[in-house]
Every structure is written in C-alpha cells, then in structure tokens.
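The following paragraphs lead the reader through a single protein model, beginning with the surroundings of its ligand. Please consult the sequence and structure shown here while reading.

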Amino acid sequence: MGIVTVATTPQSPLHDLDSSVDEDDTGDDAVRRSAGVGESSRASRHWWDRNADEYQDEHGEFLGDDRFTWCPEGLDEADARLLGDVSGRDVLEIGAGAAQCSRWLAARGARPVALDISYRQLQHSRRIDLGRGTAPVPVVQADAAVLPFADASFDLACSAYGAVPFSADTERLMREVHRVLRPGGRWVFSVTHPIRWAFPDEPGVEGLTATSSYFDRTPYVEQDENGNATYVEHHRTLGDRVRELVAAGFRLIDLVEPEWPADLEQEWGGWSPLRGRLIPGTAIFVTERG
Ligand SMILES: C[S@@+](CC[C@H](N)C(=O)[O-])C[C@H]1O[C@@H](n2cnc3c(N)ncnc32)[C@H](O)[C@@H]1O
C-alpha cells in the first residue's frame with residue numbers, strides 16, 4: 001500500500017509556551033491568538049513537512065523504529081498495556097509520524113494503519129520499512145478531524161502526541177474517532193499535560209514558575225511576517241477534554257499521568273528530569289467507545 005493522500009480542509013514537545021509576544025528561532029513571531037480549523041490544519045501540514053527530517057533525526061533514537069512509547073517520560077505500551085490485547089485487531093494510529101507505534105503493533109499481530117497530515121513524516125515511515133526490509137506499514141495522509149474511513153472500521157485507535165494538540169476542532173476529531181471505531185473499541189491518546197500550559201516550556205528552573213493562566217484557551221501561534229500561522233498548538237483543560245470525550249460518546253476509563261523515572265536523564269524540549277520530578281508532563285486518556 002502506498003501513501004494514500006486525502007484532501008484536507010481544512011507538540012508538542014518542541015515550543016516555548018510563553019504567553020507574551022516573542023520570536024522563535026526561525027524569526028517568526030510567537031503569540032497567543034485565535035486560529036481556526038483551516039489555518040491550524042494548513043500550518044501543521046507545512047510545519048511538519050518542513051521539520052520532519054529534523055524531528056526524526058533528533059528523536060528517532062529515543063522513539064526507536066518499532067517502539068511504542070507514549071511520552072518523553074518513556075512509558076511504553078509494552079509495560080502499560082493501555083490498549084489491552086492488540087493481536088488480530090484493526091488499529092488506527094493517529095498523528096503517527098514515522099509510524100513507530102504501528103510497527104510495534106504489527107509485530108504483536110495487530111493490523112495497524114498509520115495516519116498523519118504530513119507527507120514527509122509518512123515518507124520517514126517508508127524509509128524505516130525499506131531499511132528494515134519488512135512489510136510496509138499502511139499509511140494514509142489525512143487530517144485527523146476528517147477521517148477517510150467508513151464507520152466502524154477499527155477495533156482500537158491510539159495516538160502518542162499526534163494530531164490532538166494541533167487540531168482546532170477536537171470535538172469533531174473525537175466524534176470522528178468514535179465514528180470509525182467499533183462498539184467497545186478503545187481510544188487511547190497522550191498529550192502534553194494541560195497544567196504545562198501555565199508554565200514556560202523550558203527544561204530549567206525558569207520552567208517551574210507559572211506565568212500564564214491554566215484557564216486561557218487561546219492557542220499558541222507562530223506566524224510569519226504577513227501574520228500567517230506557521231505553527232499552532234491548542235490548549236484544553238482536563239475538564240474540557242473529559243467533556244468533549246463524553247459528548248462524543250466515549251467512557252473515560254483512566255487518566256494516566258506518567259511519573260518521571262528516577263534513572264531517566266534525557267531531556268526532550270521542555271521535558272526534563274528537573275521539571276518531571278515536580279509537575280506532570282504528559283496526560284494519557286484511556287477511553288472506550290460506548
Ligand atoms: C509530536 S508528533 C508525534 C508523532 C509520533 N506519534 C511520535 O511520537 O513521534 C505529532 C504528529 O502529529 C501530526 N499531526 C499534526 N496535526 C495533525 C492533524 N490535524 N491530523 C493528523 N496528523 C496531524 C504531525 O504531522 C506529526 O507527525
């Protein structure tokens with residue numbers, strides 16, 4: 001199966017979440033302002049296409065070619081088993097990047113499909129498959145809020161920091177995942193822990209003092225000299241997330257807040273041992289379709 005491209009209408013652990021107007025390392029302005037569905041989607045597609053090589057270069061070793069890790073804290077699905085039994089299951093990985101999680105799933109007898117908005121990220125999936133000489137993971141390029149699948153196509157859906165933080169309309173995204181899942185299917189996804197939005201996204205001591213309101217849902221936007229968004233992240237409080245999941249028809253089974261392992265010294269952007277030992281960095285929502 002090749003890369004299936006679907007027209008889209010419309011971090012993530014990489015950016016400073018300071019609320020003041022700032023400048024990122026590309027010279028773009030970093031601001032808090034509204035950003036709609038189309039603008040967010042376009043920005044994500046272009047940003048991840050431009051930055052996929054650097055992302056895989058920097059984080060590929062930690063991610064592993066066929067490791068399923070949920071977060072910079074290194075909680076692996078092999079230990080956490082948040083998806084339950086995956087053997088023989090049809091699994092949709094959303095915001096899959098280079099599909100490392102899908103490769104882990106396939107090795108355990110699942111039938112994964114890896115979906116991402118970025119063509120370049122999916123090319124990295126193919127690069128890894130070719131390098132290993134293994135059967136390619138089926139990949140689909142699409143926006144997670146407009147899933148190009150028939151109703152009830154999958155037994156499970158998962159996402160490790162993919163799509164959810166970048167989507168302006170996560171109410172719709174949740175409804176879409178609900179639609180493509182079969183009854184009883186699990187939807188498990190990890191995102192930056194919402195409390196982190198109150199703190200500067202810095203690994204050092206400056207990242208320990210709250211400078212923004214946790215309740216400010218205004219998106220974080222980087223924009224070029226014409227005011228066009230080049231990168232967008234959206235914030236939801238814990239309560240917002242629970243409400244949109246319940247409204248879409250999911251039952252919340254667990255909310256996992258992985259603790260920073262005592263022996264982990266590796267930083268990932270603002271995720272560091274210093275901060276990780278004091279405040280949660282990741283929230284993993286474990287849900288089941290009603
Ligand atoms: C932080 S990366 C995570 C990728 C992978 N799960 C990992 O752990 O390396 C976020 C991914 O979400 C994808 N993404 C962002 N917005 C998306 C959207 N609206 N629909 C689908 N994928 C999206 C990006 O292209 C990127 O590959």
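Helix α1 (residues 37-63) supplies four residues to the shell around the ligand, the largest share. Helices (H or I, at least four residues) and strands (E, at least two) are DSSP runs numbered from the N terminus. The shell has 21 residues, of which Trp 48, Gly 95, Gly 97, Ser 118 and Phe 166 come nearest to the ligand; a residue is near a molecule if its C-beta atom, placed from the backbone, lies within 6 Å of it.

The model is predicted: local features need pLDDT of at least 70 and side-chain atom pairs count only at pLDDT 80 or more, while totals for chains, interfaces and linings use all residues. Residues are numbered from 1 along each chain as its sequence is written.

In total, the protein contains seven helices and 12 strands. Its radius of gyration, taken over C-alpha atoms, is 18 Å, which agrees with the value near 19 Å for a compact globule of 290 residues; that rule is 2.2 Å times the number of residues to the power 0.38. Of the 290 residues, 45% are buried, meaning that 20 or more other C-beta atoms lie within 10 Å of their own; 12 or fewer makes a residue exposed, and values in between make it partly exposed, with C-beta atoms placed from the backbone.

Two loop residues deserve attention. Arg 81, in the loop between α2 (77-80) and β4 (90-94), is not a glycine, yet has a positive phi of about 50°. Arg 81 counts as exposed because it has 10 C-beta neighbours inside 10 Å. Ala 152, also not a glycine, has a positive phi of about 55° and lies in the loop between β6 (139-141) and β7 (154-160). With 14 other C-beta atoms within 10 Å, Ala 152 is partly exposed.
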